[in-house]
Amino acid sequence: MSTTAKTSKNNKKSYKPLREIEVEYEVDNSKCEKCTERPCLKSCPADALHEIPPDNHIELDDKCVGCVLCRETCPYDAIKMQTTLSEPIRENIPNINPKLCRRCGACVQACRTGAIQLVASGGEEAHSVIDEDKCVRCGYCSRVCPTEAIKYGEILPRSVVGGKAIVVNQKNCIGCMTCTRVCPSKGAINVGEVSKLPYINPAYCARCEECMNVCPSSAIRYSSRKRAYQTFSKIKTMEIISELLEKETGKLSKDSVRVNSILNRVARDASFSHEEKEFKEDVTETIKAQIEEMVDSGLEITDIQDIINAVNPKREIKVVDENCIGCGACIDECPVKCIELEMPSPVHISPECVFCGKCVESCKFHAIDLQEELFQVDDDKILFVRNRLTGPRSGSVIPDDNSCQACGVCVRKCPVDALSLENDKIKVDNDKCILCGECESICPVNAIKLELER
């Protein structure tokens, strides 16, 4: 077996990081030579992979950033790779003045890493103390402190002198939103309404590198602070213009979280007021009145139709024990294997259920009850509907190639492997698809839609 091996120090990257990266890799040429498409070359964001003549074997150069995308895309498992990051240069932890601390607990609640505790020591009154090992130096505690007892001034001087800031290269970003989930500094990473991609506010970013460590496409990198602020200013300007255009065209541009709260409240009230298995209730005036009160303006149904249609149905499935004989027909039909025999109840359906309806259709004793509640827009009316499903739904899954970032999240999430990624486009196998809607709910850029025949 012919194997090529190489160890590379990352010291010639297009930007100079605050930490060194060591990459160790091996390429098994006996496996590699079977591959004709070479997807690893296309996946590398740093152009660090090359075919070396005369046998065109694969090697990496010192531009490699250790993102392991080549390893993940190799169809023959021919690339073995390990990356080692040196410890980052860390700022001093925030400084707490015990005399100004009022023991309000705001910093304790705000800290996402649990690094701050209220303690009393010696003759001092209780005050906040920071665990240096847990603190990631995001500085958020200093911004939430109401008495300015917490000071965090080390990072700005070093950032200005060093001329460094962290930015998201939106051309390389795949929209997976992993960075938004790991960032400990509230307000540092936002998601654009126009691009639907994350961007970083340099004023709030503490350069803890948490986002950089987890980015699967190496889209997060260091840049000059001047360029970072220019990029941030451009994105914010686009956001403001977009919001103004929406207001001028009469569209709803208020906080969607508040609208969602109203819809949830209306759905809950309507659901509790009906005991029937199936019903329709006109909730148009109720929703309009509450939203108009919030935005203080006239509102047409078409203005909120997109928001109404975006609310996912609430589905519930349960076993009618007195009807079930434990025959197991539903177990055989379940595509995600979430049904099992369990005493004293004949069968048990686990939370992994995707509500496809195949078990309901297979049961000859009407022992499985599946219902959904949702909003529907019918002409000029908003209806709240409860349906009882007797089998699989009809419809289709429609990907939006223009919006899709080819991140593959939906492909990995699909419980029946009905989705695939071909030439950076999502393909749907309609024979396998069970219209469960998992892909629609997980897509970070709303690029895949479930259209049902009702």
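Guide: Accessible areas in what follows come from the Shrake-Rupley method with a 1.4 Å probe, and for residues only the protein chains shown count as cover. The model is predicted, so that local features need pLDDT of at least 70 and side-chain atom pairs count only at pLDDT 80 or more, whereas totals for chains, interfaces and linings use all residues. Residues are numbered from 1 along each chain as its sequence is written, and side-chain values use heavy atoms, with hydrogens and water left out.

Visitor: What does the accessible surface of the protein chain come to?

Guide: Carbon and sulfur atoms account for 47% of this surface. The whole accessible surface of the protein chain comes to about 26,100 Å².

Visitor: What percentage of the residues of the protein chain count as buried?

Guide: Buried means under 20% relative accessible area, exposed means over 50%, and partly exposed lies in between, with a 1.4 Å probe and protein chains only. Of the 454 residues of the protein chain, the share that counts as buried is 40%.

Visitor: Which element gives the most residues to the largest nonpolar core?

Guide: A nonpolar core is a set of buried Ala, Val, Leu, Ile, Met, Phe, Trp, Tyr and Cys residues joined through side-chain atoms within 4.5 Å, and the largest one has 18 residues, with Leu49 and Met81 making the most contacts inside it. Two or more residues come from each of β2 (21-28), β4 (57-60) and β5 (79-85), where helices (H or I, at least four residues) and strands (E, at least two) are DSSP runs numbered from the N terminus. The element that gives the most, with four residues, is β2.

Visitor: Which residues are in contact with Met81, leaving aside its neighbours within four places in sequence?

Guide: Contact means heavy atoms within 4.5 Å, and Met81 is one of the two residues with the most contacts inside the largest nonpolar core. Once those sequence neighbours are set aside, Met81 is in contact with Val23, Glu24, Tyr25, Leu60, Val68, Cys70 and Arg71.

Visitor: How far apart are the C-alpha atoms of Asp47 and Leu60?

Guide: Asp47 lies in the loop between α2 and β3 (49-52), and, not counting residues up to four places away in sequence, it touches Asp61 and Lys63. Asp47 and Leu60 are 13 residues apart along the chain, and their C-alpha atoms are separated by 9.0 Å.

Visitor: Which side chains along strand β15 point to one face and are buried?

Guide: The side chains of strand β15 (residues 314-319) alternate, and Lys314, Glu316 and Lys318 point to the face where side chains are not buried. Those that point to the other face and are buried belong to Arg315, Ile317 and Val319.

Visitor: Which residue in β18 stands opposite Lys314?

Guide: Two strands pair if DSSP finds at least two bridges between them, and six bridges join β15 to strand β18 (residues 368-378), the two running antiparallel. In β18, the residue opposite Lys314 is Glu373.

Visitor: Which residue takes a positive phi in the hairpin of β18 and β19?

Guide: Nine bridges join β18 to β19, which run antiparallel, and Gln371 has Arg388 in β19 as its bridge partner. Strand β19 (residues 381-389) also pairs in the antiparallel sense with strand β14 (residues 279-282) over four bridges. The hairpin of β18 and β19 has two residues between the strands, and the one with a phi near 55 degrees is Asp379.

Visitor: Is Leu435 buried or exposed?

Guide: Leu435 is found in the loop between β22 (425-428) and α16 (438-442), and its phi is near 55 degrees, a positive value in a residue other than glycine. With a relative accessible area of 6%, Leu435 is buried.

Visitor: Which residues lie nearest the centre of the largest cavity?

Guide: On a 1 Å grid over the protein atoms alone, a cavity is a set of points where a 1.4 Å probe fits but cannot get out, while a pocket is an open set with protein on both sides within 12 Å along at least five of seven lines, and lining residues have an atom within 4 Å of a point. Grid points are joined across faces, edges and corners, a volume being the space filled by probe spheres set on the points, and the largest cavity has a volume of about 130 Å³. Of the 16 residues that line the largest cavity, those nearest its centre are Cys111, Ile116, Cys135, Cys138 and Cys141.

Visitor: Which residues are the closest to the centre of the second largest pocket?

Guide: The second largest pocket has a volume of about 1,100 Å³. Of the 27 residues that line the second largest pocket, the closest to its centre are Ser43, Thr73, Ala406, Leu421 and Asp424.
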